[in-house]
Amino acid sequence: MNNNLINDAVLVKNYIDGHEHALATLIQRHKQKIYAFIYSKVYDRDITEDIFQDTFVKVIRTLKLGRYNEEGKFLPWVMRIAHNLVIDHFRKNNRMPKFDNAGDFNIFSVLGDGNLNAEKRMIKSQVEEDVKRLIEELPEDQKQVLLMRMYQDMSFKEISERTGVSINTALGRMRYALINLRKIIEQNNIILTN
Amino acid sequence: MAKLYSNCTPKSQNLQPKDETIKHLLDYSKALSVICYNKLKFEALLN
């Protein structure tokens with residue numbers, strides 16, 4: 001007989017009587033509805049899979065133990081089990097359902113606060129102060145090029161014109177300024193992080 | 001009027017449990033045996 005023609009109540013009875021294939025038909029018939037119901041609450045494939053499995057483990061145990069007494073209402077009964085397990089899941093995780101960004105678009109990339117927090121702002125200003133003090137330690141010609149390049153955003157051509165040296169000399173001074181800065185940092189074990 | 005575009009909703013996705021999950025459930029069902037003894041019922045998993 002075609003299993004599609006048999007109603008749920010008969011399948012449940014057949015299953016309780018020991019016909020295992022009746023369970024396969026019941027799961028096949030209702031899996032999509034139950035799975036979609038769980039997914040609509042938890043928005044996570046893996047959790048949905050777990051809750052779906054737990055739901056049917058409960059269904060199987062209840063039926064085999066002969067505790068099922070809701071004839072003709074199989075799907076609502078299973079849905080209620082799934083619903084209770086979803087609630088258990090959220091209780092266990094101590095939180096309410098949240099949007100999971102399952103797709104490519106992440107809403108927090110738009111809403112995110114790019115500003116530094118108070119602590120990071122303090123660290124940043126301290127680092128900047130330290131760097132300024134280190135620059136003061138450099139020889140005058142190197143310091144001049146570095147300040148023009150990094151703080152005044154001048155090109156090496158402009159620096160060479162302003163200081164009256166060739167571009168190559170300006171580049172060389174910049175290179176030595178950075179080498180010397182690194183030396184001072186290493187020698188004094190200074191940590192510059194933000 | 002401007003058209004509204006949005007990402008695919010979960011409804012359009014194939015929302016179905018994995019075949020392994022179904023197989024596991026059917027295997028679990030076959031393995032689960034209830035033994036009755038003096039009005040008491042015991043569950044046993046027979047592998």
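Me: Let's start with charges. Which side chain does A:Lys13 meet in a salt bridge?

Reply: The general idea comes first: side chains of opposite charge can pair when their charged atoms come close. Here, in what is a predicted model, A:Lys13 pairs with A:Asp17, with N to O at 3.1 Å. A:Lys13 has 53% relative accessibility, so it counts as exposed.

Me: How many salt bridges does the structure hold over all chains?

Reply: Ten, over all chains. One of them joins the side chains of A:Asp8 and A:Arg29, at 2.7 Å from N to O. A:Asp8 belongs to helix 1 of chain A and A:Arg29 to helix 2 of chain A, so this pair ties together parts 21 residues apart in sequence.

Me: Are those two partners buried or exposed, or in between?

Reply: Take them in turn. A:Asp8 counts as buried because its relative accessibility is 15%, and the cut-off for buried is under 20%. A:Arg29 has a relative accessible area of 30%, so it is partly exposed.

Me: What about chain B: which residue forms a salt bridge with B:Asp27?

Reply: That's B:Lys23, with the closest N and O atoms 2.9 Å apart. Both residues sit in helix 1 of chain B, four residues apart, which is about one turn of the helix. B:Asp27, at 36% relative accessibility, counts as partly exposed, while B:Lys23, at 52%, counts as exposed. Back in chain A, salt bridges with shared partners link A:Glu136, A:Glu140 and A:Lys143 into one network.

Me: And how many salt bridges are there between chain B and chain A?

Reply: Zero. The contact itself takes 24 residues from chain A and 20 residues from chain B. About 2,200 Å² is buried between the two chains, and carbon and sulfur atoms give 62% of that area.

Me: Now the interior. Which residues have the most contacts inside the largest nonpolar core?

Reply: As a general idea, in soluble globular proteins nonpolar side chains tend to be buried together. In this model, the largest nonpolar core has 37 residues, and A:Ile38, A:Phe52, A:Phe56 and A:Phe74 have the most contacts inside it.

Me: Which elements give two or more residues to this core?

Reply: From chain A, look at helix 1 (8-16), helix 2 (20-42), helix 3 (45-64) and helix 4 (74-93); from chain B, add helix 1 (19-31). Helix 2 of chain A supplies the largest share, ten residues.

Me: Let me zoom in on one member. What does A:Phe56 touch, not counting residues up to four places away in sequence?

Reply: Within chain A, A:Phe56 touches A:Ile27, A:Ile34, A:Phe74 and A:Val78, and across in chain B it touches B:Leu25. Apart from this core lies another, of 15 residues, including A:Val145, A:Leu146, A:Met154 and A:Val165.

Me: Last one, the surface. Which residues make the nonpolar surface patch?

Reply: It's a chain B feature: B:Ile35, B:Tyr37, B:Leu40 and B:Phe42 make a patch of about 420 Å². To place it, find strand 1 (32-37) and strand 2 (40-45) of chain B, each of which supplies at least two of the patch residues. B:Leu40 is found in strand 2 of chain B, and it counts as partly exposed because its relative accessibility is 48%. That value clears the patch cut-off of over 30% relative accessible area.

Methods:
Residues numbered from 1 in each chain as written. Chains lettered and ligands numbered in written order. Predicted model: local features only at pLDDT ≥ 70, side-chain atom pairs only at ≥ 80, totals over all residues. Heavy atoms only, no water. Patch = residues over 30% accessible without salt bridge, like charges linked within 9 Å, V, L, I, M, F, W, Y side chains within 5 Å. Areas by Shrake-Rupley, 256 points an atom, 1.4 Å probe, with all protein chains shown as cover. Salt bridge = Lys/Arg side-chain N within 4 Å of Asp/Glu carboxyl O. Buried < 20%, exposed > 50% of the residue type's maximum accessible area, 1.4 Å probe, protein only. Core = buried A, V, L, I, M, F, W, Y, C linked by side-chain atoms within 4.5 Å. Contact = heavy atoms within 4.5 Å. Buried area = accessible area lost by both parts, 1.4 Å probe.
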